[in-house]
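Visitor: I would like a close look at a single part of this model, the metal sites. Please keep to what can be computed from the atoms.

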Amino acid sequence: MKGNSYLSTLLALLTLVSCGKPVSEIFGAPKTKSQVGIIASCTSKADAQLLADDLGVQYRVINEKRKIIEFIGISEKALKEYLPKAKLKANEIFDDVLISGDFKAQASSTNYPFYGAHQRQERSSNAERYYPHLEQIEALSVNEQGEGVVIAVIDTGVYYNHPHLSPNIKVNNADRHGTSSDGRDNDGNGYADDYAGWDFYNGDAYPIDDNGHGTHVAGLAASTYMGVAPRAKILPVKVLSASGRGDLGTIAAGIMYAIDNGAHIINMSLGGSGASRTSSEVQQIIRNIQVAKDRNVLVVSAAGNGGSDGIGDCNDITPVYPANIEEANMLSVASVDRWNNLTDYSNFGGSTVHVAAPGGDYFTGGLLSTALPDCNGTCSSNNVPYVQMMGTSMATPVVAGMAAVLKSKQMSNSYSKIRNALINSSVQESNLQDLVVAGGVVNLKQAFDSI
Ligand SMILES: [Ca+2]
Ligand SMILES: [Ca+2]
Ligand SMILES: [Ca+2]
């Protein structure tokens with residue numbers, strides 16, 4: 001019988017291994033795409049080694065504690081055929097993340113109302129398969145989901161009618177959109193008809209995303225389906241143009257709006273190194289972040305993607321704003337790959353970049369998250385576009401979502417308590433010691449247990 005013969009093969013190999021057969025384990029991140037393998041969950045590292053030896057392939061331990069192993073030099077199909085025989089858990093093989101490609105930008109001049117929440121779709125039951133970053137930060141082993149917490153996404157806007165985002169949009173019922181709008185500022189907050197956030201770039205009440213960046217960011221933090229905090233609310237604040245550009249003054253205004261309209265956490269996946277700290281616009285942002293601090297709001301900012309050459313720079317030497325604003329409520333985020341190595345593009349800084357989180361890499365692709373629709377305005381509820389993107393822009397909302405979960409555990413948790421928990425509970429990595437203050441990669445389970 002096949003099963004028995006395999007069992008004996010395993011036993012024979014066990015002997016061979018104990019007699020000093022060369023191990024096939026490899027260390028370090030891949031250098032080329034061909035060195036990227038298939039991720040599987042094994043019952044133990046010893047099993048993985050037996051399997052790799054038997055198949056004549058190499059393996060790399062991605063997370064020993066959680067027994068996540070990468071097999072290099074074998075197809076997913078072959079591994080799937082083999083794993084059940086080896087009594088490993090074949091159902092936990094990851095694909096390289098699915099779905100990528102084009103998304104269509106909408107015309108920035110068009111105002112699409114928020115037309116109401118879709119039926120909530122809970123987090124994907126096989127989230128670790130398509131959203132491996134959730135597994136990487138151990139988000140799936142924490143039951144708290146960010147309920148009651150508001151994350152302001154200060155970005156290119158948010159496609160708030162996406163079925164996996166619309167149930168989580170923070171709406172202002174005093175002011176209304178579309179046919180219910182009256183052109184008046186009914187709640188007296190200074191913004192007429194700001195039902196679903198505000199568009200500071202175009203100066204209107206419809207912060208719909210005309211780029212795609214902000215929608216992707218919002219989904220990583222708090223999509224109902226794959227967000228780190230799938231029950232947190234998203235406050236859309238558009239400060240960047242359809243091409244992803246903006247100015248610091250507009251961003252400063254967006255920060256103030258977020259503070260005044262219920263944000264507990266502000267996500268800023270934006271920044272630049274051109275500005276001087278003494279410029280009036282940077283000073284304005286500093287003042288607004290100080291106001292956020294007084295109101296107990298945590299600000300999570302992208303460390304940056306290496307400037308014009310795309311190779312990560314040191315923020316200790318070349319400051320990026322707003323990430324480099326040294327206020328106690330600022331948390332600056334670098335990006336690591338699937339193997340917890342700093343990505344080539346990510347900025348770093350042993351004293352100015354605080355934490356590192358998964359942000360996608362060139363070998364395995366970007367993080368998968370919500371995208372703009374390929375229809376206009378009100379799309380059908382089965383139009384659920386997704387796209388991959390990579391950058392510190394993606395690592396940042398992963399951390400913002402984690403902060404929301406830590407906040408919802410106990411709403412009285414202060415920005416400093418949350419920030420310290422994220423830094424101090426990071427999984428230590430020797431190669432990140434001098435690159436980020438935390439010396440490792442954020443981990444939601446550990447942060448959650450520590451707070
Ligand atoms: Ca208003
Ligand atoms: Ca109104
Ligand atoms: Ca608009």
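What is the relative accessible area of N186, and does that make N186 buried, exposed or partly exposed?

Guide: N186 has a relative accessible area of 40% and is therefore partly exposed. The classes are cut as follows: buried is under 20% relative accessible area, exposed is over 50%, and partly exposed is in between, computed with a 1.4 Å probe on protein chains only. The model is predicted, so local features need pLDDT of at least 70 and side-chain atom pairs count only at pLDDT 80 or more, while totals for chains, interfaces and linings use all residues. Residues are numbered from 1 along each chain as its sequence is written, chains are lettered from A and ligands numbered from 1 in the order in which they are written, and side-chain values use heavy atoms, without hydrogens and water.

N186 contributes its OD1 atom to the calcium ion (ligand 2), alongside D175 (OD), D182 (OD), R184 (O) and D193 (OD), at 2.1 to 2.4 Å. A donor here is an N, O or S atom within 2.8 Å of the metal, or 3.2 Å for Na, K and Ca; water is not among the atoms, so sites may look incomplete. Along the chain the donor residues of ligand 2 run D-x6-D-x1-R-x1-N-x6-D. D182, one of these donors, is partly exposed at 38% relative accessibility.

D175 (OD) is also listed for the calcium ion (ligand 1), with D185 (OD), D187 (OD), N189 (OD1), Y191 (O) and D194 (OD), lying 2.2 to 2.4 Å from the ion. The spacing of the ligand 1 donors in sequence is D-x9-D-x1-D-x1-N-x1-Y-x2-D. Angles among the six donor atoms span 75 to 163 degrees, and the site is irregular. That is the remaining class: tetrahedral needs four donors with all angles between 85 and 135 degrees, while square planar (four donors) and octahedral (six) need opposite donors over 155 degrees apart and all others between 65 and 115. Of the ligand 1 donors, D185 is partly exposed at 27%, and N189 is partly exposed at 23%.

The calcium ion (ligand 3) has D199 (OD), D204 (OD), D204 (OD) and Y206 (O) at 2.4 to 2.7 Å, D204 being listed twice. The donors are spaced D-x4-D-x1-Y. D199 counts as buried because its relative accessible area is 1%, and Y206 is buried at 12%.
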